[in-house]
Amino acid sequence: MATLEISFDPSRIDFRATSDLLKESYWGSGRSDELHRRAFANSLCIGVYVGGNQVGFGRAITDRTVFAYLADIIVWPGYRGQGIGTRLVQALIDHPDVKTVTHWSLSTNDAHAVYEKLGFRPSTDGPLYALRPMRAHNPRLLQNRLTAWTRCALGYLVTWRGVEASL
Ligand SMILES: CC(C)(COP(=O)(O)OP(=O)(O)OC[C@H]1O[C@@H](n2cnc3c(N)ncnc32)[C@H](O)[C@@H]1OP(=O)(O)O)[C@@H](O)C(=O)NCCC(=O)NCCS
């Protein structure tokens, strides 16, 4: 594989490719480009590049002080299983802007191995109780939310125990 490059420069993100791939993911269906623009603008975003072409994306939703939530971690299909996802998440955690963050979390349905290698552990804090406004007049939105809730209920909330334990 050509040299892997990691960048936090938002202007390098291939927005078209990233937004389209996320919309195809199991968690991103129903999202719009506008939603992604706003979400990316308010996150610490990372891009991974091979030969100048983007092959990975991820973001941390964070106060850059105490809390951070990893989201939209994705590697382009032809590049999966080569260690790129692991390096991407490690680089996000190591970014100087989030060096004081002590509470890292994320939820994932199936990629536990990626995060466990980096020190994340299943949360044992008990059930997560979330309140969300329901806009029942939009059937598509309602359907997306019900799907998301079901996935969330079946999902896996993991917390970086190593860091949390050092508090
Ligand atoms: C999940 C994803 C980001 C991982 O990136 P990647 O570059 O393929 O992962 P890595 O090559 O660094 O793999 C790290 C480890 O996690 C495992 N792994 C990767 N993806 C996995 C998945 N979906 N389910 C279970 N294990 C997975 C790998 O087998 C590897 O373990 P090993 O070193 O013991 O063989 C990538 O596969 C992807 O974009 N998948 C589609 C999107 C997705 O499902 N994201 C999960 C929600 S966060």
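A nonpolar core is a set of buried Ala, Val, Leu, Ile, Met, Phe, Trp, Tyr and Cys residues joined through C-beta atoms within 7 Å. The views below show such a core and other parts of a predicted model.

**View 1. The largest nonpolar core has 19 residues.** Leu70, Ile73, Ile74, Leu88, Val89 and Leu92 have the most contacts inside this core. At least two residues each come from β2, β3, β4, α3 and β5 (103-107). Strand β4 gives the most, with 5 residues.

**View 2. Leu70 is among the residues with the most contacts inside the largest core.** Setting aside neighbours within four places in sequence, Leu70 is in contact with Gly58 and Ala60. Under the same condition, Leu70 also has contacts with Val89, Leu92, Trp104 and Leu106.

**View 3. Strand β3 (residues 53-62) is largely enclosed by the rest of the structure.** The reason lies in burial: 8 of the 10 residues of β3 are buried, so the strand is largely enclosed. A residue counts as buried here if 20 or more other C-beta atoms lie within 10 Å of its own.

**View 4. Strands β2 (residues 44-50) and β3 pair in the antiparallel sense.** The pairing of β2 with β3 runs over 7 bridges. Within this pair, Ile46 stands opposite Gly58 of β3. The two strands form a hairpin, and 2 residues lie between them. In the turn, Gly51 has a positive phi of about 60°.

**View 5. Strands β3 and β4 run antiparallel and are joined by 6 bridges.** Gly56 stands opposite Val75, a residue in β4. These strands also form a hairpin, here with 4 residues between them. Arg64, in the turn, has a positive phi of about 60°.

**View 6. The ligand is surrounded by 16 residues.** Arg80, Gly85, Thr86, Ala111 and Ala113 are the closest. The elements that give two or more residues to the shell around the ligand are β4 (67-75), α3 (84-94) and α4 (112-116). By type, the shell divides into 7 nonpolar, 7 polar and 2 charged residues.

**View 7. Residues 161-167 have a pLDDT below 50.** For the protein chain, the mean pLDDT is 85, and 74% of the residues reach 70 or more. Beyond near neighbours in sequence, the stretch 161-167 has 8 contacts in the model. Where pLDDT is low, the predicted coordinates should not be read in detail.

How values were computed
Residues numbered from 1 in each chain as written. Predicted model: local features only at pLDDT ≥ 70, side-chain atom pairs only at ≥ 80, totals over all residues. Near = placed C-beta within 6 Å. Nonpolar A, V, L, I, M, F, W, Y, C, P; charged D, E, K, R; others polar. pLDDT = per-residue confidence, 0-100. Contact = placed C-beta atoms within 7 Å. Buried ≥ 20, exposed ≤ 12 C-beta atoms within 10 Å, placed from the backbone. Pairing = 2+ DSSP bridges.
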